[in-house]
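Visitor: I am new to this structure. Could you show it to me and take my questions?

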Amino acid sequence: MGIRVAVAGASGYAGGELLRLLAGHPDFDLVAATAHSHAGQPVSAVHPQLTGLGLTFTATGPAALADADLVFLALPHGRSAALAAELPDSVKVVDLGADHRLADPDAWARYYDGPHAGTWTYGLPELPGQRAAVAAADRVAAAGCYAATVTLALAPLIAAGVAAADDVVVVAASGTSGAGRTAKAHLLGSEVMGDLSPYKVGAHQHVPEIKQATGATGLSFTPVLAPMPRGILATVTARPTGPVDPREVLAAAYADAPFVRLLPAGQWPHTAATLGSNACHLQATVDLDTGRLIVVSALDNLGKGAAGQAVQCANLMTGLPETTGLSPYGVAP
Ligand SMILES: NC(=O)C1=CN([C@@H]2O[C@H](COP(=O)(O)OP(=O)(O)OC[C@H]3O[C@@H](n4cnc5c(N)ncnc54)[C@H](OP(=O)(O)O)[C@@H]3O)[C@@H](O)[C@H]2O)C=CC1
Ligand SMILES: CC(=O)N[C@@H](CCC(=O)OP(=O)(O)O)C(=O)O
């Protein structure tokens with residue numbers, strides 16, 4: 001018998017990717033998959049890519065999760081905190097949502113609705129000291145998708161003192177699955193196909209999360225909706241504090257990180273190369289014209305940006321090697 005795990009919100013995009021990863025995980029036994037409006041339906045009716053899994057969605061609530069040693073929450077903001085509060089302390093929890101990521105209640109109030117639910121251990125194991133912190137935690141708030149993409153690119157440069165913390169500019173494009181599975185007019189194929197559109201300009205909710213995780217004090221972030229189902233590509237630029245090769249800093253920071261890959265010089269990250277994987281690809285250079293540091297970062301928002309990240313954290317929390325059941329290799333073309 002392995003470690004018993006359950007997914008709440010398994011009918012969503014992040015939940016579906018969790019089910020796929022857990023079905024191939026050698027040490028986790030999936031004992032429950034819950035849903036809201038889809039409760040009672042077979043998993044394969046919502047996720048045809050999981051045909052043969054043989055599970056039916058039960059209604060989300062503490063009773064449906066009672067047999068699990070560890071619960072993944074892939075629920076809308078606000079719902080995670082409410083459900084987590086009803087789970088016994090003996091159950092380990094990984095929340096894929098934002099409810100418990102921010103330490104500063106004022107930052108929470110500025111970007112989210114509802115009361116601040118308190119802070120859990122931040123689930124991005126590649127940050128200094130965070131692998132051990134996650135391994136010791138019973139409650140982990142996995143990093144957000146854009147936040148993971150940007151933080152992996154930026155944190156080592158600020159930590160090493162080679163990038164000015166007060167002058168960071170990020171433009172990042174995301175596939176539409178980042179917005180979840182709920183039907184919305186601006187996510188219709190006829191709206192998205194053939195289009196690139198900025199949104200939440202100057203006001204995205206991942207700004208405080210990225211600042212908290214990287215130590216950045218001034219961050220301008222522009223997200224862009226891209227006509228593809230999944231993937232995030234972030235271009236991060238920062239003012240250097242002196243002459244530096246950013247590649248050397250990133251190579252040192254991630255020498256022992258199994259999922260963060262600094263690409264060979266001259267090769268640039270692109271989303272398709274990370275799809276289906278738990279990898280984050282990085283490349284860096286110094287801008288010939290302005291001298292700014294440029295780091296480009298790509299990952300799968302449903303992989304290292306959500307479900308893969310959550311499984312990596314769960315592995316650590318249960319004493320398993322962090323790579324168990326996860327692949328750094330993508331699906332291409
Ligand atoms: N998509 C992504 O790339 C990423 C998502 N996340 C986070 O993961 C979480 C899930 O996101 P995502 O999968 O995209 O969202 P989806 O909209 O695709 O799925 C939401 C899930 O929550 C359920 N649900 C909806 N309303 C309620 C409710 N009132 N009470 C209980 N359950 C409800 C849905 O059930 P049903 O369908 O049956 O109604 C579904 O299972 C969010 O917190 C999101 O921020 C984090 C990183 C990346
Ligand atoms: C394309 C798109 O709309 N993306 C969403 C990503 C939100 C998300 O997934 O939230 P967390 O990662 O914080 O859980 C957005 O920009 O709000």
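The questions below go through the domains, the cores, the two ligands and two single residues.

Guide: This is a predicted model, where local features need pLDDT of at least 70, side-chain atom pairs count only at pLDDT 80 or more, and totals for chains, interfaces and linings use all residues. Residues are numbered from 1 along each chain as its sequence is written, chains are lettered from A and ligands numbered from 1 in the order in which they are written, and side-chain values use heavy atoms, without hydrogens and water.

Visitor: How far apart do the C-alpha centres of domain 1 and domain 2 lie?

Guide: The domain assignment gives domain 1 (3–142 + 304–317) and domain 2 (146–301). Such bounds come from an automatic or database assignment. Contact means heavy atoms within 4.5 Å, and 24 residues of domain 1 are in contact with 32 residues of domain 2. The C-alpha centres of the two domains are separated by 24 Å.

Visitor: Which helix gives the largest share of the largest nonpolar core?

Guide: A nonpolar core is a set of buried Ala, Val, Leu, Ile, Met, Phe, Trp, Tyr and Cys residues joined through side-chain atoms within 4.5 Å. The largest one has 41 residues, with V168, V170 and L282 making the most contacts inside it. Among the elements that each supply at least two residues are strand 8 (163–174), strand 13 (280–286) and helix 6 (145–159); helices here are DSSP runs of H or I with at least four residues, strands runs of E with at least two, numbered from the N terminus. Eleven residues, the largest share, come from helix 6.

Visitor: Where does this core lie with respect to domain 1 and domain 2?

Guide: Look at which domains supply its residues. Domain 1 and domain 2 both do, so the core lies between them.

Visitor: How many residues does the second, separate core have?

Guide: Look for L19, L50, V94 and A137, which this second core includes. The count for this separate core is 34 residues.

Visitor: How much of ligand 1 does the protein bury?

Guide: Of the 27 residues around ligand 1, S11, S37, L75, R181 and N301 come nearest (a heavy atom within 4 Å counts as near). A polar side-chain atom of S37 is 2.6 Å from an oxygen atom of the ligand, while a backbone N or O atom of R181 is 2.8 Å from an oxygen atom; a polar contact is a pair of N or O atoms within 3.5 Å. Alone, ligand 1 exposes 900 Å² (Shrake-Rupley method, 1.4 Å probe), and the protein buries 84% of that.

Visitor: And how much of ligand 2 does the protein bury?

Guide: There are 16 residues around ligand 2, and R101, Y199, K200, H204 and H206 come nearest. An N or O atom in the side chain of R101 lies 2.6 Å from a ligand oxygen, and a polar side-chain atom of Q205 lies 2.9 Å from an oxygen atom of ligand 2. Taken alone, ligand 2 exposes 440 Å², of which the protein buries 85%.

Visitor: Is T176 buried or exposed?

Guide: T176 sits in the loop between strand 8 and helix 7 (189–192). Beyond its neighbours within four places in sequence, T176 is in contact with residues including L187, V192 and P229. Buried means under 20% relative accessible area, exposed over 50%, and partly exposed in between (1.4 Å probe, protein chains only). T176 has 18% relative accessibility, so T176 counts as buried.

Visitor: What does P105 count as?

Guide: P105 belongs to helix 4 (residues 105–111). Its relative accessibility is 44%, so P105 counts as partly exposed.

Technical notes:
Polar contact = N/O pair within 3.5 Å; in protein donor to acceptor, adjacent residues only side chain to side chain.
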